[in-house]
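Here is a short walk through one protein model, written for someone who likes to check distances and accessibilities. Keep the viewer open as you read.

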Amino acid sequence: NKEVKTDADIAINVYKEQPQNSFKIVDEKMLLISGKDLNTKNIQDIHQYDFLVHSSRPKILAKFLKKKNIEASAIKRQIEFEHFYMIISAVKANLGIGLVPEFLVTQDIKKGSIVNLNQEYFYSGFGYYLKYKNNKSSEIGDFLNWARAQKLFK
């Protein structure tokens with residue numbers, strides 16, 4: 001991942017590898033989501049739908065399909081979006097199925113506006129990290145101590 005330059009003392013971002021001065025908050029768990037009316041009984045049947053993926057993760061579909069023993073050439077079409085929220089909106093409009101981080105769709109799944117298709121998920125290999133400039137300042141140190149006490153980090 002390209003390092004993001006910021007004046008912020010603390011930031012949360014997603015990385016493939018742990019950056020300096022950071023703590024992992026959680027591994028990225030991706031859910032396979034669909035509109036509430038789509039209910040395929042077999043994961044192998046997903047080839048008949050457009051697959052919606054994030055443009056920053058173009059290889060995620062191939063990884064998911066390999067893990068599920070599905071031939072990548074069987075997928076109808078892969079469409080890339082710039083934001084996960086765009087994928088979620090497209091899924092709600094029944095425009096395809098998508099892979100999105102679990103925390104973004106937990107409430108939508110509870111409400112029933114989308115479903116976790118066949119309860120499928122996988123870990124992307126990315127993680128969400130709290131990154132800090134340095135822990136020398138008392139405010140940053142106090143915050144990090146509080147966050148550790150709350151068990152926000154692995």
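## Salt bridges and their surroundings

With a relative accessibility of 26%, Asp 27 counts as partly exposed. Its partner in a salt bridge is Lys 24, with 2.6 Å between the closest N and O atoms. Lys 24 is also partly exposed, at 23% relative accessibility. Please keep in mind that this is a predicted model.

The structure holds six salt bridges, and the table sets out some of them.

| Acidic residue | Basic residue | Closest N to O distance |
|---|---|---|
| Asp 27 | Lys 24 | 2.6 Å |
| Glu 120 | Lys 68 | 2.7 Å |
| Asp 108 | Lys 92 | 3.1 Å |

Which parts of the chain does the pair of Glu 120 and Lys 68 tie together? Glu 120 lies in strand E6 and Lys 68 in the loop between H1 and E4, so this salt bridge joins parts that are 52 residues apart in sequence. Glu 120 is buried, because its relative accessible area is 13% and the limit for buried is under 20%. Lys 68, at 23% relative accessibility, counts as partly exposed.

The salt bridge between Asp 108 and Lys 92 also links distant parts of the chain, with Asp 108 in helix H3 and Lys 92 in helix H2, 16 residues apart. Asp 108 counts as buried at 11% relative accessibility, while Lys 92 is partly exposed at 38%.

## The fold as a whole

Stepping back, the protein has four helices and six strands. Read from the N terminus, their order is β-β-β-α-β-α-β-α-β-α. The chain has 154 residues, and 40% of them count as buried. Among contacts between residues at least 6 apart in sequence, 77% join residues at least 24 apart. The accessible surface comes to about 9,400 Å², with 49% of it belonging to carbon and sulfur atoms.

Strand E2 is a good place to look at the pairing. E2 pairs with E6 in the antiparallel sense, over 11 bridges; within this pairing, Val 26 has Tyr 128 in E6 as its bridge partner. E2 and E5 also run antiparallel and are joined by four bridges. Here Ile 33 stands opposite Gly 98 in E5.

## The nonpolar core

The largest nonpolar core has 30 residues, and those touching the most other members are Leu 32, Ile 33, Ile 46, Phe 51, Phe 64 and Leu 99. Two or more residues come from each of strand E2 (22-35), strand E3 (50-54), helix H1 (60-67), helix H2 (84-92), strand E5 (97-101), helix H3 (102-111) and strand E6 (114-132). H2 gives the largest share, five residues.

What does Leu 99 contact once its neighbours within four places in sequence are left aside? Its partners include Met 30, Leu 31 and Leu 32, together with Phe 51, Leu 52, Ile 60, Leu 61 and Phe 64. Phe 84, Ile 87 and Phe 122 are also in contact with Leu 99. Another core, of five residues, lies apart from the largest one, and among its members are Phe 23, Leu 130, Tyr 132 and Ile 140.

## Two helices against the core

Now turn to H2, whose buried residues are Phe 84, Ile 87, Ile 88, Ala 90 and Val 91. Seen down the helix axis, these residues fall within an arc of 165 degrees, so they line one face of H2. They pack against E2, E3, strand E4 (77-81), E5, H3 and E6. After H2 comes Asn 94, with a positive phi near 60 degrees.

In H3, the buried residues are Leu 104, Val 105 and Asp 108. These cover an arc of only 55 degrees around the axis, which puts them on the same side of H3. Phe 103 and Lys 110, by contrast, are exposed on the other side of H3. The buried residues of H3 pack against E2, H2, E5 and E6. Just after H3, Gly 112 has a positive phi of about 90 degrees.

Asp 108 brings two of these topics together: it is one of the buried residues of H3, and its side chain meets that of Lys 92 in a salt bridge.

Methods: Residues are numbered from 1 along each chain as its sequence is written. This is a predicted model: local features need pLDDT of at least 70, side-chain atom pairs count only at pLDDT 80 or more; totals for chains, interfaces and linings use all residues. Side-chain values use heavy atoms; hydrogens and water are left out. A nonpolar core is a set of buried Ala, Val, Leu, Ile, Met, Phe, Trp, Tyr and Cys residues joined through side-chain atoms within 4.5 Å. Buried means under 20% relative accessible area, exposed over 50%, partly exposed in between (1.4 Å probe, protein chains only). Contact means heavy atoms within 4.5 Å. The arc is that of the directions from the helix axis to the C-beta atoms. Accessible areas come from the Shrake-Rupley method with a 1.4 Å probe; for residues, only the protein chains shown count as cover. A salt bridge is a side-chain nitrogen of Lys or Arg within 4 Å of a carboxyl oxygen of Asp or Glu. Two strands pair if DSSP finds at least two bridges between them.
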